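Trainee: Got a few minutes to go through a structure with me? I'd like to jump around a bit.
Mentor: Sure, put it up and ask away.
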Amino acid sequence: MKKLLGYPPFHYLLCLIFGITLQFHFKIWSYSFFKLFLTSILLSLILLILKKNKYAVGFKFISLFTFLFLGITSVYIQNPKNYSNYFIKHVNNNSYTTITVTKKLKSNTYFDKYVGSINYVDKKEVKGNVLINIKKDSSLQLLKINDQIVIKPIFKELSSPLNPYQFNYKDYLSKQYIYHQISISKKHYKITTNKKFSIVRYSNSFREKIQTSLKKQVFSKDVYAIINALLLGQRQDISKKIIANYTNAGAIHLLAISGLHIGIILLILLNILKPLHYFKHGTRLKTLSIILVLWWFAFIAGLSASVVRAVTMFTFIAIAELFKKKSIIEHSLISSMFLLLLIKPLFLFDVGFQLSYIAVFGIVWIQPLLYKIWNPKFSLLNKIWKLFTVSIAAQLAILPISLYYFHQFPSLFILSNLIIIPFLGSILFFGIIIMLLSTLDLLPNFLAKIYNYSIQYMNNFMEWIANQENFLLTEIPMSLLQAFLWYTFIIFSFQLFLKPTTRKLIYTLLSISLLQSTYLVEKHKSESRNEFVIFHKNQHSIIGEQKKGKLLIYHDSLKVLNITNEKLVKAYRIEKNINTIYKNTIPSMFLTKKDTIMIIDKLGIYNVKNLKNCIVLLIDNPKINLSRLIKQVKPKLIIADGSNYKSYTNQYRLTCKKQKTPFWSTYQKGAYILN
């Protein structure tokens, strides 16, 4: 760790990360590209002058600032919104748009989903990305990567989630520079020939040939979906049940080509190519061969962002193997991260990117310490112990960040990883052989059956692990600050374990104190906070009232709704870290410190005696004379939740507009929150 802190590129990496974070969240650079260029020239001149005059301290300070500025500029330069030819600046109602399909996403019940790069608006060359939603049609031919379509679309900005603390798909796509979406059907677009060279198109074409050959084999639907994910990086066909099983078993990382898969392939190649050491320049030839094979694997896996990241990281590690020094591996990880963030700065906010690098650093730093605790003499036992310590080190490293993102901990992850990971190398190795034989139409039926049974057994085992619900710890609250403080504690405690000193003990105790303080502060906030929330849920009414350290959830019990597992309620109670009580009736009146909320349901019965300037909530399509109600009560606000038909909600809106009364529809504006 000390060597890493003294490694200059590590300092530059931290500055680059800080610059990326500043620009993404605060947009601190909003000037022209010309001013950006002038600032870059100025910084370069200052560095040259300082270097020439041997001002070491000044040179280092300006160097660090330059890399911070580099992080800012990399985000600014890559954001298509900052260019004059950003497509939305040139679109009108009559524009024809040419879009190239760049990525196939997982479909939902109603739409096939793609990401597209916009090439032309009419005949003007533009840039930008868009989310494409195509209505499902049995006669519709699915689009392929690099297909070009011409449409006359209506671009809509992506919507924020309608309820608090739910997954923000808009924010997720913005980190890929996607800000708009279109919804179209088969009749709205025309596929045209795209003659431009694209390595992604050739990758997709090659992968489709492999997929076609695999579909002809005896593999079941679920087995084919797993093979498609493990070997080709395509997860779209995996069922929700299988994803849930692997998630709850703590093995979801097996279903996406990541650092684990590439690392295993690297180990296999290191062993297979070991005889090259006996030849002159054999070590260099081995490294070159490994790099070529890794990038070939990335090519057939579609060159997706996660695969490219993993292969880049292990390319640097393969090069580091030439030097046979552990510290070189750490430095290679830093260098690969630096290169990736320089090219794609928003990788920084990708969960997969964060987990991959944190897990590898955990294995490099923590695993050797755990391995030293016990030294088994038997070879098999030694290998099991080594694998066990690797799993523990990786899980310990990613635990705080995974709790922050996913709020659950599969305590049987050790069992699932210990059983599956030793065989994952064989699964990948024979999977690649089967894939090649199948493509060449040389795959024996018995070999396909054996592989089919192997994947089925893996799926069954994961299902069995996932069904041990008592060992799955869910709804664990974790804030970003708490995750950061947990990492501080882990780092200081391991430094103390390596070489105990009084200073390290003080730092460790201080990190514990800070961590405890954040939990006490969060608990106090939760107990003292009062909040009233009208959630949005189609065809249902859900109301939350937080007071005196408890969350009361009122809902319409006459409609079928598993309220305790409802995602919007679960997200809210996890974020608030609060005990929840469920009420299967909705009162006709709520009283808060500032306002009175009157509920009017489908019966349309209400009592307005001595009630003025209140908030009116309409639920379940009440047939009332809203104009008369407004004249009688003079409400400060009228709210219509998701239990109302959209047609009724539109009528309520029009009436409120005529009467000049504020109106809130949860369909458009999302949940209404009253503090």
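Trainee: Which strand is His180 in?
Mentor: His180 is in strand β7, which covers residues 178–184. Keep in mind that this is a predicted model.
Trainee: And is His180 buried or exposed?
Mentor: His180 has a relative accessible area of 6%. Buried means under 20%, so His180 counts as buried.
Trainee: What does His180 touch, then, leaving out residues up to four places away in sequence?
Mentor: There's a run at Tyr86, Phe87 and Ile88, then Val130 and Leu131, and then Phe155, Lys156, Glu157 and Leu158.
Trainee: Val130 and Leu131 fall in a strand, I guess. What can you say about β4?
Mentor: Strand β4 spans residues 129–135 and is mostly covered, with five of its seven residues buried.
Trainee: How do β4 and β7 run, parallel or antiparallel?
Mentor: Those two are parallel, joined by six bridges. If you want a spot to look at, Asn129 has Ile178 in β7 as its bridge partner.
Trainee: What about β2 and β4, parallel or antiparallel?
Mentor: Antiparallel there, over seven bridges. Look at Tyr114, which stands opposite Ile132 in β4.
Trainee: OK, and how many bridges pair β1 with β2?
Mentor: Seven, in the antiparallel sense. Strand β1 is residues 97–104 and strand β2 is residues 111–121.
Trainee: What joins β1 to β2?
Mentor: A hairpin does, through six residues.
Trainee: Which residue in β2 does Lys104 stand opposite?
Mentor: Tyr114. You've met that residue already, facing Ile132 in β4.
Trainee: How many bridges join β1 to β5?
Mentor: Four, and the two strands run antiparallel. Strand β5 takes in residues 148–151, and Val150 in β5 is the bridge partner of Thr98.
Trainee: Let's switch to helices. How far does α11 reach, and what would you expect?
Mentor: Helix α11 is residues 305–320, so 16 residues, and it reaches 23 Å from its first C-alpha to its last. That's close to the 22 Å expected at 1.5 Å a residue.
Trainee: Which residues of α11 are buried?
Mentor: There's an unbroken stretch from Arg309 through Ala310, Val311, Thr312, Met313, Phe314 and Thr315. Add Val307, Ile317, Ala318 and Ala320, which are buried too.
Trainee: What's the helix repeat again, for thinking about faces?
Mentor: An α-helix has 3.6 residues a turn, so residues three or four places apart point the same way.
Trainee: Where is Tyr405?
Mentor: Tyr405 is in helix α15, residues 379–406. At 29% relative accessibility, Tyr405 is partly exposed.
Trainee: What is Tyr405 in contact with, setting aside neighbours within four places in sequence?
Mentor: Val351 and Gln354. Tyr405 and Val351 are 54 residues apart in sequence, yet their C-alphas are 8.1 Å apart in space.
Trainee: Backbone question now. What is the phi of Lys54?
Mentor: Positive, at about 60 degrees, although Lys54 is not a glycine. Lys54 is in the loop between α3 (33–52) and α4 (56–78), and it is exposed at 73% relative accessibility.
Trainee: And what is the phi of Lys634?
Mentor: Lys634 is also not a glycine, and its phi is positive, about 50 degrees. The loop between α21 (626–633) and β18 (637–640) holds Lys634, which is exposed with a relative accessible area of 54%.
Trainee: Last topic, empty space. How many cavities of 30 Å³ or more are there?
Mentor: One. The largest cavity has about 40 Å³ of space.
Trainee: Which residues line the largest cavity?
Mentor: Asn248 and Ala249, then Pro410, Ser411, Leu412 and Phe413, then Ile465, Ala466, Gln468, Phe471 and Leu472. Eight of the lining residues are nonpolar, three are polar, and none is charged.
Trainee: And what about the second largest pocket, what is its volume?
Mentor: About 460 Å³. The second largest pocket is lined by 21 residues, with Ile586, Asp601, Lys602, Ile619 and Asp620 nearest its centre.
Trainee: How does that lining divide?
Mentor: For the second largest pocket, ten are nonpolar, six polar and five charged.

Key
Residues numbered from 1 in each chain as written. Predicted model: local features only at pLDDT ≥ 70, side-chain atom pairs only at ≥ 80, totals over all residues. Heavy atoms only, no water. 1 Å grid on protein atoms, 1.4 Å probe; cavity = no way out; pocket = protein on both sides within 12 Å on 5 of 7 lines; lining within 4 Å. Points joined across faces, edges and corners; volume = space filled by probe spheres on them. Nonpolar A, V, L, I, M, F, W, Y, C, P; charged D, E, K, R; others polar. Buried < 20%, exposed > 50% of the residue type's maximum accessible area, 1.4 Å probe, protein only. Contact = heavy atoms within 4.5 Å. Pairing = 2+ DSSP bridges.
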